[in-house]
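I opened this entry to keep track of what I looked up, going through the model one part at a time.

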Amino acid sequence: MTDVFGDLVGQDEAVATLRRAAASAAALLRPGTPVAARAGAPAGGYDDLDALAEEFDGPGGSNGGPGGAAAVEADPGAGMTHAWIFTGPPGSGRSVAARAFAAALQCAHGTGCGHCPGCHTALAGTHADVRLVVPEGLSIGVGEMRALVLRAASTPSGGRWQIVIIEDADRLTEAAGNALLKAIEEPPPRTVFLLCAPSTHPDDVSVTIRSRCRVVPLRQPPAGAVAEVLVRRDGIAPDVARWAASAAQGHVGRARRLARDPEARQRREAVLAVPRRLTGVGAAFDAASALIEAAEAEAAASVAESDEAERAALQTALGAGGTGRGAAGAMRGAAGQLKELEKRQKSRATRAQRDALDRALVDLAGFYRDALTMALRAPVAPVHTDTATTAAAGAQRWDAEGSLRRLEAVLECRAAIEANVKPRIAVEAMMLSLWRG
Ligand SMILES: [Zn+2]
């Protein structure tokens, strides 16, 4: 049996950091230590957690702290802090890391044992003191953030930490970022913020927020490690696991989907057939349409269920079809709420479309990367073993330069869509570049 960090694939360094911090945090909560001793003090009477950690740990991590905290003293600089950013490429496990760390902080043993109620509920998303923000739309708004910050300031009901996990912190609006910054600047004594973002580039996380967080960088896990976890955790056959791990280019969730979901495999095959089909201008436009429509269909399927459930829940809440005295009043408010819900669902659908399209572009980029490495005779394994022959033919025809130009066209398309160019325009431009070279 593994502990809460068992699903963090190929991230030994980050796991070591988080284990040290969890031990340090547990030590801080032990009776007789500064945080624990002050736990009964009136609200507002605390220094922030960093100051307490320093007081406990000794300035600069010296051995001046009180006894009973061997983990902290043995490891200067391992002290707990109240704001963290998990960075790494998509699929590297940013949110898995944040959830595992939250579980370790709520663990009854302070280690993330994986068995106690604290670990279980934190991982399952039902712990009363762990709040998870998963943006469904294109950005996280200020209203949502303010409400969250307010709730995060309350005393942890479980007696340990009040934890806020913000997935895709790069999707915070500026106003929401400011609301968060305020909370991070003056943190309640037992509140811990865990942010997830692709990088600490100012485009992703503001410099001021970054400066107040400790960064845990995650790397793209090696295909071997991803395959190993698919076999161990998901019971997937070793050869399928190896193929899926390679095809998913280090994205753990994607690898699992490819291994298990025949439709995901079909979509990938359709994308990888694109290079062979680009025989003229007309074919390029057809391929663009097909790619966009496939992304739309995939997105529609992925949000349809939650859209319907939300609509039904709202209608029940509003007493649709009711004839009681409250019904007329409820109907007046209903139109506004329904409109609000539709707006949110539309935003989520757009996000899902872009995510689906981006997955397709990553697959396509993998194909041209294979052609490039083959043209260069680089001794690396192909990303897509099942289209290696086509990639080899492409390498011969286009040479390294032509393969590189095509790879760049795909990457430029991704960047353009990220910069809000209309997806159809960006994809059509890419297909024409891929055809012309
Ligand atoms: Zn535990």
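The model is a predicted one. I began with the pairing of strand β3 (residues 162-166) and β4, which is parallel and counts 5 bridges. Within that pairing I looked up Ile165 and found Leu194 as its bridge partner in β4.

I then turned to the other neighbour of β4. Strand β1 (residues 83-87) is joined to β4 by 5 bridges, and the two run parallel. Here Trp84 has Leu194 as its bridge partner in β4, and Phe86 stands opposite Cys196. Leu194 is thus noted twice, as partner of Trp84 and as partner of Ile165.

How many residues of strand β4 (residues 191-197) are buried? I find 7 of 7, so by the cut-off each has under 20% relative accessible area. Thr191, Phe193, Leu195 and Ala197 point one way from the strand, while Val192, Leu194 and Cys196 point the other way. Both sets are buried.

Next I traced the whole sheet. It is open, has 5 strands in the order β2-β3-β4-β1-β5, and its pairing is parallel. The edges are β2 (130-133) and β5 (214-217); each has a single partner strand, so one side of each lacks a neighbour in the sheet. On average, neighbouring strands are turned by 15 degrees against each other, direction ignored.

For the helices on the sheet I noted two. Helix α1 (residues 12-29) lies across β1 and β5 and runs at about 165 degrees to β1. Helix α8 packs on the sheet and touches β1, β3 and β4, with its direction at about 140 degrees to that of β4. I also checked the connection: β3, α8 (residues 174-185) and β4 form a β-α-β unit, and it is right-handed.

I moved on to the metal. Which residues are the protein donors of the zinc ion? They are Cys107, Cys113, Cys116 and Cys119, each through SG, at 2.3 to 2.4 Å. Along the chain their spacing reads C-x5-C-x2-C-x2-C. The angles among the 4 donor atoms are 104 to 115 degrees, and the site is tetrahedral. Of these donors I looked up the burial of Cys113 and Cys119, and both are buried.

My last item was Glu228, in helix α10 (residues 223-234). Is Glu228 buried, exposed or partly exposed? Its relative accessible area is 44%, so I enter Glu228 as partly exposed. I also noted Arg242, 14 residues from Glu228 along the chain, with 8.2 Å between the two C-alpha atoms.

Technical notes:
Residues are numbered from 1 along each chain as its sequence is written. This is a predicted model: local features need pLDDT of at least 70, side-chain atom pairs count only at pLDDT 80 or more; totals for chains, interfaces and linings use all residues. Side-chain values use heavy atoms; hydrogens and water are left out. Donors are N, O and S atoms within 2.8 Å of the metal (3.2 Å for Na, K and Ca); water is not among the atoms, so sites may look incomplete. Four donors count as tetrahedral if all angles lie between 85 and 135 degrees; four count as square planar and six as octahedral if opposite donors are over 155 degrees apart and all others between 65 and 115; anything else is irregular. Buried means under 20% relative accessible area, exposed over 50%, partly exposed in between (1.4 Å probe, protein chains only). Helices (H or I, at least four residues) and strands (E, at least two) are DSSP runs, numbered from the N terminus. Two strands pair if DSSP finds at least two bridges between them. A crossover is right-handed if, with the strands pointing away from the viewer, the path from the first strand over the helix to the second runs clockwise. Axes are lines fitted to C-alpha atoms, for helices over the stretch in contact, and angles run from 0 to 180 degrees between N-to-C directions. Contact means heavy atoms within 4.5 Å.
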